Each structure stands twice: as C-alpha cells, then as structure tokens.
Amino acid sequence: MASLANAATRALRAYDPGHDLPALRKRFGAALAELGSNENPLGPSPRALAAIQAALSGIFRYPDPQGGALKAALARHLGIDAGQIALGNGSHELLMLIAQCFADANTSVVFSEFGFAVFPIATAAAGAISIRVPALPRDHSTMPLGHDLDAMAAAIRPDTRIVYLANPNNPTGTWVSDAAMDAFLARVPATTVVVVDEAYQEFVDDLALTTAMRFLEKYPNLVVTRTFSKAYALAGLRVGYTVGSPESISVIERLRESFNVNSLALAAAEAALADPQHVARSKAFNGSERTWLVERLRACGLRVLASQTNFVLVDFARDAAPIEATLFERGVIVRPMGGYGLNEFLRISVGSRAENERLLEALP
Ligand SMILES: *Cc1c(COP(=O)(O)O)cnc(C)c1O
C-alpha cells in the first residue's frame, strides 16, 4: 500500500513526537519540567478559561465556519480588514495550506537552513523543491545561526513560489529588524509569496523589530502568520491566523476546511485577545525569567545565543545527546537539535522559576 501513496507523500515521514509526554506526566507527576515545546508557564488568561466554560453548552453545534467574531476582534486589534485574515487549526495548518495553495511539483520554496521544521515538510507535501539557504555562521558576531537575508534573496529563482521566514526564528531564537525585513522584501520578486511566521512576536522587546504587518500595503505578496499557542498559552486548542492581502486570503480560503477551528478555540482566542494585560504579564515574566536563566547557564560556562523568544538555544560545545538523556532521566524535557544538524545544541523553553531551577540542578 505504501507504494500507492502519491510522490509527495512517499517522500514524507510521519511526525516523530520525540517523547511520550502523557506517559512521562504519569511517571514524574508534578516533578516533570516540560521545557521542550515553548509553552507559556503562566497559562492562559482567566477570561479565556471563562469563555471556554461558557461555550461548552454549544459544542453539539458546528463552529462558525467563518470565525466571524474572532476575525472581527483580530481586525480591530491589528487595525486591518477582516477580509485580510484567515484562521487556522494552529498556524502549522496555515503554513501547510499556503504551500498547498501556491507551490507544486514545478516550483521551489526557499527557507533558511535553521528555519522552522514545518517549512521543509510543507514544501515536500506540496511536491515542491526545497532550497535550504545556509544560515549565518556559528561564530557570527551579532546573529549566529540567524537568517542570511542576502543569501536568501539571491537563492530565489524564477520558479520560487514561496519564501518561508520565521521572525523571531525557532529553533535559533534569532531575529531580523524591520529595516532588514523591508530591504529583503524589496528584493523579492512579486511572483514569490513571502511568509513571515511571527509565532513569537508578542515576546519581542528589541525596539528595532515590531512586525512585518507594517509592510503589507507595500508588498501585496507578503503574508504574516501568528498563533495563540505561545504568548496566549492556548496551544492545546489549536488556533492561529494569517494576515495578507484580501486576494491572498481568498486563495487560502479555497482550500481551508470549513470547520477547521473548533468553537472552544474560537471563543477562547477572542477572550484572550480582550485581555492585553495577561499578554503583557506573560511578556514581562518571560523577559525577566529568560535574563535570569541565561545568566545562570552562562555562569555554568555555556554559550547561550541571544533570543527574543520564550526559549534559548544552548551550545554545549560537545555532543548534547547524552546531556539530553540525563536531563530526561531526571524529569526535565528539552528539545534535541539533531534534526537540524545542530548536535551540540539543545533548545530550552523558559519555564516557571521552579522548572528552570530544576533544569539547572539536573544539568550534568
Ligand atoms: C510554535 C510555532 C508555531 C505555532 O504553531 P501552532 O500550530 O500555531 O501551535 C509556528 N511557527 C513557529 C516558528 C513556532 O515555533
């Protein structure tokens, strides 16, 4: 049967979740430190939890296929038209959908060597050719492992239909300024869609980076994705959104499954958006806790890359697999980087103070 799968699917492998987290939660209970998936340790806004409660009685109905109330709230929040927004079952779904809509076997897709892991999967699923552009070197003075925007612009071919670019990026935590983004966008031909994945935008405090959304009018080929999984702490509900020109959004809407975002997620996201203080608290907590964690890790003699996100990439300067295994045995889950070819690194989420302390104690 496997040989009956289409060419694009034959080239793919099923998602490897790494560890069996439900089993680990049973084994370690409250002592488990989950620092592998960049979740917000503060949890969601109480308003989001109340909205979920209130929406429970309606779950025998299909959700609103337009997500009208959430889109209206997002449009107000972002100062754009609701027609510029598509909703997704997490932004992961939207990243996949964009490739399905714009790429195919006769096209190529450009992304950075250490760009988000979903980019090559979305490309392969669409049957397109992946063009992985070497990242900035490990010893780069300001942004080691970051996106090399000059090289990315130069890698775009006439058949390149999409450029994916996470800003800030996962797993490196690196980022590019608004000015650098603008200069990059100016070099991309109008026939290539630029997808800027802003999953961590709410955590950014470098004033040189706000959002690529400010360039939407200047570049109609730009789309920006965001998520409620990170700063809004709704990862378990799966809701994200993409913003672009009404024309790009109408293309994405053709392939979007009509009920892709469930009714609890719609209600929770709308309520979370109405609680900016909670996001501000999450950002402030993350900023101060990340500073504390980075100081402690550096005091252990480790190299920690600069980050504008809720995780840090740590360079252990030797094979990190045994370190990850030791942490695992001690109930501390972090993310190995072998899949990116970064065997000496681990990606560690900024957790609660108790989790971060457990990590530091468990380090071999
Ligand atoms: C976590 C993350 C996402 C969010 O995925 P969801 O499907 O919205 O949960 C998207 N992009 C990047 C770079 C991420 O790290």
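A polar contact is a pair of N or O atoms within 3.5 Å. The exercises below concern a predicted model.

**Exercise 1. The surroundings of the ligand**

Task: Determine which residues surround the ligand and how they divide by class.

Solution.
1. List the shell. The ligand is surrounded by G90, S91, H92, F116, N170, D197, A199, Y200, T227, S229, K230 and R238.
2. Sort these residues by class. The shell holds 3 nonpolar, 6 polar and 3 charged residues.
3. Identify the main contributor. Helix α5, which spans residues 90–102, gives the most to the shell, with 3 residues.

**Exercise 2. Polar contacts with the ligand**

Task: For Y200, establish what distance separates a polar side-chain atom from an oxygen atom of the ligand; then treat K230 and H92 in turn.

Solution.
1. Begin with Y200. One of its polar side-chain atoms lies 2.6 Å from an oxygen atom of the ligand. The cut-off for a polar contact is 3.5 Å.
2. Continue with K230. Here a polar side-chain atom is 3.2 Å from a ligand oxygen atom.
3. Turn to H92. In this residue a backbone N or O atom lies 2.9 Å from an oxygen atom of the ligand.
4. Consider the cover of the ligand. On its own the ligand has 390 Å² of accessible area, and the protein covers 92% of this.

**Exercise 3. Two helix pairs**

Task: Describe how α5 packs with α6 and how α3 crosses α10.

Solution.
1. Choose the quantities. Two packed helices are described by the angle between their axes and the distance between the axes.
2. Apply them to α5 and helix α6 (residues 118–125). The axes are 8 Å apart, and the angle is about 35 degrees. This crossing is right-handed.
3. Name the residues in contact. From α5 come H92, L95, M96, A99 and Q100, and from α6 come V118, F119, I121, A122 and A125. They comprise 8 nonpolar, 2 polar and no charged residues. H92 also belongs to the shell around the ligand.
4. Proceed to helix α3 (residues 46–55) and helix α10 (residues 263–273). Their axes come within 8 Å and cross at roughly 150 degrees. The crossing of α3 and α10 is right-handed.
5. Name the partners. R47, A48, A51, I52 and A55 of α3 meet L264, A267, A268, A271 and A272 of α10. By class, this contact has 9 nonpolar, no polar and 1 charged residues.

**Exercise 4. Backbone geometry in loops**

Task: Find where P168, P171 and N38 lie, and state the backbone feature at each place.

Solution.
1. Locate P168. It is in the loop between β5 (160–166) and α8 (178–187). A cis peptide bond joins N167 to P168, with omega about -5 degrees.
2. Locate P171. The loop between β5 and α8 holds this residue. N170 and P171 are joined by a cis peptide bond with omega about 15 degrees. N170 is also one of the residues around the ligand.
3. Locate N38. It lies in the loop between β1 (33–34) and α3. Its phi is near 60 degrees, a positive value in a residue other than glycine.

How values were computed: Residues numbered from 1 in each chain as written. Predicted model: local features only at pLDDT ≥ 70, side-chain atom pairs only at ≥ 80, totals over all residues. Heavy atoms only, no water. Near = heavy atom within 4 Å. Polar contact = N/O pair within 3.5 Å; in protein donor to acceptor, adjacent residues only side chain to side chain. Areas by Shrake-Rupley, 256 points an atom, 1.4 Å probe, with all protein chains shown as cover. Helix = DSSP H or I, 4+ residues; strand = E, 2+ residues; numbered from the N terminus. Nonpolar A, V, L, I, M, F, W, Y, C, P; charged D, E, K, R; others polar. Axes fitted to C-alpha atoms, helices over the stretch in contact; angles between N-to-C directions. Left-handed = near helix turned anticlockwise from the far one by under 90°. Contact = heavy atoms within 4.5 Å.
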